[in-house]
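Student: I should like to understand how the terms used for a structure follow from their definitions. May we take them one by one?

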Amino acid sequence: MSQLEKIRNAESKLLLQTYDRNPILFVNGEDVHLIDENGTRYLDLLGGIGVNALGYNHPAIIDAIARQSKELIHISNLFYHRGQAELAEKLTKLTGLDRVFFSNSGTEAWEGALKLARAHAGLLRSEGRHIGTKFLALEHSFHGRTFGSVSTTWKAKYREPFAPTLDGIEFVRFNDVADLRAKFSNEVCAILIEVIQGEGGIRPVSREFFAAARELATSTGALLIADEIQAGTGRTGKWCAYQHYGIKPDVTTLAKQLAGGIPLGAILCTDEAARAIHAGMHGTTFGGGPLACAVACAVIDTIERDGLLDNATKVGGYFIEQLCGLEKKHPAIIDVRGKGLMLAAELNSADLAKKVVAELLARHIVINCTSETVLRFLPPYILKKSHVDEAIRALDEILTEEEQSLATAGAAKGAING
Ligand SMILES: *Cc1c(COP(=O)(O)O)cnc(C)c1O
């Protein structure tokens, strides 16, 4: 029995069966490549679902882990260490927001942001303002797997098995300004937006919709909360996707790429929103630990030093151009969208999308499919044009073969019917 088979058998008996894994055992990585147990190299255009911003085995991350692990790995939040203020200084400067709370994951950052919105509305009520406790979330949103997060997540399959989820959440049609205006009132404590929806299929919010959300929230004191867990930390060529719009939220959440593979999340907010939080109201054992903070600082410094935002813009721009070329050639591609290195090609069939992902994997290229029909690319920021060329060649080949086999099947059927 191979090592992979042994592990598969063991996992099938021992683990909660939450994941439908691909039958590959990865043991190593280098730059934008993953390496399996047989030494086969895979071009990774998914990056651990948007986490491995610097790829694999990056010296900056290895050094930061080695250095920090010899000093302090963990210390409670009852004491100071050097990392939180240093990282918060960088993040506030890069995002334009004032204050930070560190968590361990995306969903925890999101939970904290929801709690902050409720607490802030409570503070405003205590000051005589009329503001309620409702949240407006968007259709096709994804915010994570804990209770508040699934409650504000659109897909019923993520919510319904765990019912009852949180009350007081209403979903607004994506990019529908009229629906937003109709559902907004001073009962709302926050509007929740992924600036570019990730799991929902790489869908950017429109300028009009985002601007309307900003204007409505400001009009009552409600918070505009931008979930940048997937789109943020430089993925789109700016530190946060909202910076492409020139619109600033009151609160944003980061995670995935933030510490390049070490778990870390962050809530960033304005001084105004932060007024709602006092000592003891919120906290975490692990969040913002010395190791995660040191690695996040190293990731940010490396992105700046190596010009990786520009690289994301340049190589991402080339990537989307090439995908648009394929769209012209292959009718199966019905849309190409995204920004920087957060890209998607939508296909006309879920079966085909599944097949393309499997065929790419057979050619040692890793991507995934989200929202049934959307091929998603979230590669490391160190991606080069030559990697894009490799992926585009493979995609072109796969789609061409598919079209040929469809044509052959069609001709055979025609011959039988004729
Ligand atoms: C991944 C993701 C989350 C959840 O992050 P976890 O670290 O998996 O909890 C929340 N929001 C968005 C937009 C995400 O992409």
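**From values to terms**

Tutor: Let us begin with one pair: Phe26 has Asp36 in S2 as its bridge partner. Please keep in mind that the model is predicted.

Student: What makes S1 and S2 paired strands?

Tutor: Pairing requires at least two bridges. Four bridges join S1 to strand S2 (residues 33–36), so the two strands count as paired. They run antiparallel.

Student: Why are S1 and S15 called edge strands?

Tutor: Strand S1 (26–30) and strand S15 (365–366) each pair on one side only. The open sheet has the order S1-S2-S3-S15, and its pairing is mixed.

Student: What makes S13 and S16 edge strands in the antiparallel sheet?

Tutor: That open sheet has four strands in the order S13-S14-S17-S16. Strand S13 (333–339) and strand S16 (368–370) each have a single partner strand, so one side of each has no neighbour in the sheet. Neighbouring strands are turned by 30° against each other on average, direction ignored.

Student: How do you know that S16 and S17 pair?

Tutor: Three bridges link S16 and strand S17 (residues 374–377) in the antiparallel sense; the requirement is at least two, so the pair qualifies. Within this pair, Cys369 stands opposite Leu375 in S17. Helix H12 (residues 308–329) packs on the sheet and touches S13, strand S14 (342–347) and S17. The direction of H12 makes about 170° with that of S13.

Student: Which residues bring H4 and H11 into contact?

Tutor: In H4 they are Gly83, Gln84, Glu86, Leu87, Lys90, Leu91 and Leu94, which meet Cys293, Ala296, Cys297, Ile300, Asp301 and Glu304 in H11. By class, this contact has seven nonpolar, two polar and four charged residues. The axes of helix H4 (residues 83–95) and helix H11 (residues 290–305) come within 9 Å and cross at roughly 35°; the crossing is left-handed.

Student: Why is the approach of Asp227 to the ligand called a polar contact?

Tutor: The term requires a pair of N or O atoms within 3.5 Å. A polar side-chain atom of Asp227 lies 2.7 Å from a nitrogen atom of the ligand, so the pair satisfies the cut-off.

Student: What are the distances to the ligand for Gly106 and Lys256?

Tutor: A backbone N or O atom of Gly106 lies 2.8 Å from an oxygen atom of the ligand. For Lys256, an N or O atom in the side chain is 2.7 Å from a ligand oxygen atom. Each value is within 3.5 Å, so both are polar contacts. The residues around the ligand also include Phe142, His143 and Glu194.

Technical notes. Residues numbered from 1 in each chain as written. Predicted model: local features only at pLDDT ≥ 70, side-chain atom pairs only at ≥ 80, totals over all residues. Heavy atoms only, no water. Axes fitted to C-alpha atoms, helices over the stretch in contact; angles between N-to-C directions. Left-handed = near helix turned anticlockwise from the far one by under 90°. Contact = heavy atoms within 4.5 Å. Nonpolar A, V, L, I, M, F, W, Y, C, P; charged D, E, K, R; others polar. Near = heavy atom within 4 Å. Polar contact = N/O pair within 3.5 Å; in protein donor to acceptor, adjacent residues only side chain to side chain.
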